[in-house]
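Here's a quick briefing for anyone opening this structure for the first time. Have a look at the sequence and the model, then read on.

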Amino acid sequence: MASTILVVEDEPAIQELIAVNLTFAGHKVLRAMDAEQAKILINAELPDLILLDWMLPTTSGLTLARTLRQDERTRDIPIIMLTAKSTEDDKIEGLESGADDYITKPFSPKELLARIKAVLRRRSPQLTDDEITVAGLHLDPVAHRVTGHDTKLTLGPTEFRLLHFFMTHTDRVFTRGQLLDLVWGDHVFLEERTVDVHIRRLRKALEPSEHHNLIETIRGSGYRFTSKPAL
C-alpha cells in the first residue's frame, strides 16, 4: 500500500534517485536536505517511514534519530539509515541510535524497496499489501475486499482502513486519540467522537458475518479488536 516516506539526504542526485523510485512504486515522498528541514516536515505531517542519511550537515542523522526516538510523537516511526560507513561498529552504532535497518551506499533501488517493505511489515503491518485473516474474517488490501466466513462485506474507505489497522494490531487497547493519529493521521484535526461514529459504522458492516463483536469497547480507555471472540 502507498506510504508517506521522508527522505533526508543532502546529496541531490541520490535524493532524486530515491524519490523517483519511491514515487514509481506508489509512495508519497517528502524531501529534506538536513535535520532542520526534516523536523519542519515531521511537525507538519508524520511520515510512515524515514530514510535517513548518516552524514548530514550541521546535525548528523544519528543525532536526529536519537531525538526522534526520545519524542513520544515520533518514537515509533520506522527509520532506515543510509550511509557509506560499512564497518560492524558503524552498523551497531546506527542501530543503537534507534534505526530499524541499515543500508550501505551504494545500494540498488530494488534492495531499498525490499528493505522498506520488510521494515513496514515489522513495524507498520497495516501499510503493507499482505492479506490477513482473523477469526474467519479475511481482508485483502490490494483488492480492497473483506469477507467474513465467505460472506462478502461492504465497507466504506475509512472503515476499511480502521479494520485493517485493527486486524494488524489485535488484542491491544487503543484510545480514540491514538486511533485518530494512527488511522487518520496526526495532521488531520478531528474530534475524538469521530472515532465512535466510524466504529458504529464498522460494527454495522461486520454484522452479516457476526464479526461485529470482535470490536470491544473498553470503558474509560477506548477500543480493542480481539482475535478470540467470546463463545
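At the start of α2, a side-chain oxygen of D34 comes to within 3.2 Å of the backbone nitrogen of E36. This is a predicted model, where local features need pLDDT of at least 70 and side-chain atom pairs count only at pLDDT 80 or more, while totals for chains, interfaces and linings use all residues. Residues are numbered from 1 along each chain as its sequence is written, and side-chain values use heavy atoms, leaving out hydrogens and water.

**Helix α2**
- Helix α2 spans residues 35-44 (helices are DSSP runs of H or I, at least four residues; strands are runs of E, at least two).
- Its buried residues (under 20% relative accessible area, 1.4 Å probe, protein chains only) are A35, A38 and I42.
- They cover an arc of only 55 degrees around the axis (taken from the directions to the C-beta atoms), so they sit on the same side of α2.
- That buried set packs against β1, β2, β3 and α3 (contact means heavy atoms within 4.5 Å).
- On the face turned away from the buried side you'll find I40, N43 and A44, which are exposed (over 50%).

**The three-stranded sheet**
- An open, antiparallel sheet runs in the order β10-β12-β11 (strands pair if DSSP finds at least two bridges between them).
- β10 (173-174) and β11 (215-218) are at the edges with a single partner strand each, so one side of each has no neighbour in the sheet.
- β10 and β12 (residues 222-225) pair over two bridges, and the bridge partner of F174 in β12 is Y223.

Note on methods:
A polar contact is a pair of N or O atoms within 3.5 Å; within protein, one must be able to donate a hydrogen and the other to accept it, and residues adjacent in sequence count only if both atoms are side-chain atoms.
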